[in-house]
Amino acid sequence: FEKYVAAKREIVRALERSPKKKRILVANEEIPESREFLAARVSQAIGFRTQELQKLETTDEKVSFDYQHTSVVVPLPGVFNALNALAAMKLCEAFGVSLADAAEALGSLSLIPGRVERIDVGQDFMVIVDYAHTPDSLAALYGAFPNHRKICVLGNTGGGRDAWKRAEMGRIAEKECDEVILTNEDPYDEDPRAIVQAMARAMARAPRIIMDRRGAIHSALARAKKDTVVLISGKGTDPFIMGSHGTKIPWSDAAVAREELEKVLSEKKKTTPAKIVL
């Protein structure tokens with residue numbers, strides 16, 4: 001995390017050194033590490049915070065709020081997406097774009113592959129693929145679906161790095177999800193089972209462990225019922241699972257989820273008893 005903050009700080013320093021007259025910085029006031037950036041030597045430093053989101057409402061498909069008497073509807077769920085939209089609107093304001101134009105643009109956003117991407121082949125439950133690969137982003141993803149039973153499929157992106165977050169992500173999944181399935185993600189040269197076990201050790205409630213990622217996704221989908229959301233996180237649109245010695249397995253969480261959904265629905269049709277009306 002310290003390296004992440006240091007990388008952000010380098011961006012701020014680059015902005016400070018820029019010869020351009022208009023140097024604008026927008027940062028979240030609620031995060032101590034980013035709040036300090038607002039003291040940067042720039043022409044305009046703008047903070048934003050959750051309290052500025054008036055009439056905030058979120059559903060499974062969208063989030064809406066009012067800002068400065070302007071109504072905004074973003075076709076993405078979760079408070080975190082409202083905050084992202086607020087940051088964008090504040091930057092637009094600084095560049096002279098009207099709030100009405102900014103709100104209209106946000107309302108017509110195209111859904112972004114791998115970012116709260118909904119997979120639908122006609123099932124009666126939700127399936128979401130998301131890139132979430134840090135504790136904060138994982139908690140935000142889970143928090144976007146408060147009224148559903150959650151089956152969560154996750155691993156831990158990047159073997160050989162960021163070992164600190166494994167236990168934390170395991171704890172978040174245990175707290176937020178009704179069922180947790182731990183699986184392989186991008187082990188690189190590290191033992192993939194050791195990565196998963198590091199997450200499992202932090203969890204008081206034992207998770208299911210299915211190392212084959214396709215098998216883990218299939219199992220989650222097969223266990224889902226109405227009012228369930230299956231959340232598949234960590235890969236997003238990453239096109240490969242990265243293995244040892246530079247090996248790469250072609251991959252798509254969205255494509256695999258769609259394929260396995262078709263199988264699950266087909267299996268359910270075969271096992272559904274025929275109804276005889278007399």
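A salt bridge here is a side-chain nitrogen of Lys or Arg within 4 Å of a carboxyl oxygen of Asp or Glu, and the structure holds 20 of them. The model is predicted, so that local features need pLDDT of at least 70 and side-chain atom pairs count only at pLDDT 80 or more, while totals for chains, interfaces and linings use all residues. Residues are numbered from 1 along each chain as its sequence is written, and side-chain values use heavy atoms, with hydrogens and water left out.

**Stop 1: arginine 223 and glutamate 179**

Select arginine 223 together with glutamate 179, whose side chains form a salt bridge with an N to O distance of 2.6 Å. Arginine 223 belongs to helix H8 (residues 213-223) and glutamate 179 to strand S9 (residues 179-182), so the pair ties together parts that are 44 residues apart in sequence. Helices (H or I, at least four residues) and strands (E, at least two) are DSSP runs, numbered from the N terminus. Glutamate 179 is buried at 13% relative accessible area, whereas arginine 223 is partly exposed at 35%; buried means under 20% relative accessible area, exposed over 50% and partly exposed in between, with a 1.4 Å probe and protein chains only.

**Stop 2: aspartate 253 and arginine 213**

Stay with H8 and add aspartate 253 and arginine 213, which meet through their side chains in a salt bridge of 2.9 Å, N to O. Since aspartate 253 lies in helix H9 (residues 253-271) and arginine 213 in helix H8, the pair ties together parts that are 40 residues apart in sequence. Both aspartate 253 and arginine 213 are buried. A network can be displayed next, in which salt bridges that share partners join Glu29, Arg49, Glu52 and Lys90.

**Stop 3: within helix H6**

Now select glutamate 168 and arginine 171, a salt bridge whose closest N and O atoms are 3.2 Å apart. The two residues, glutamate 168 and arginine 171, are three residues apart in helix H6 (residues 164-176), and are therefore separated by about one helical turn. Glutamate 168 is partly exposed at 30% relative accessibility, and arginine 171 is partly exposed at 41%.

**Stop 4: asparagine 81 and helix H3**

Move to asparagine 81, which is placed in helix H3 (residues 79-94) and is buried, with a relative accessible area of 9%. Its side chain reaches the backbone oxygen of proline 77 at 2.7 Å. Leaving aside residues up to four places away in sequence, asparagine 81 touches Val63, Leu76 and Val116, where contact means heavy atoms within 4.5 Å.

Keep H3 on display and add helix H4 (residues 99-107): the two pack at an angle of about 145 degrees with their axes 9 Å apart, the axes being lines fitted to C-alpha atoms, for helices over the stretch in contact, and the angles running from 0 to 180 degrees between N-to-C directions. To see the contact, select Ala85, Met89, Cys92 and Glu93 of H3 with Leu99, Ala102, Ala103 and Leu106 of H4.

**Stop 5: histidine 245**

Finish at histidine 245, in the loop between strand S12 (240-242) and strand S13 (248-250), where histidine 245 counts as exposed at 75% relative accessibility. Add tyrosine 188, which is 57 residues from histidine 245 along the chain, and find their C-alpha atoms separated by 7.3 Å.

Key
A polar contact is a pair of N or O atoms within 3.5 Å; within protein, one must be able to donate a hydrogen and the other to accept it, and residues adjacent in sequence count only if both atoms are side-chain atoms.
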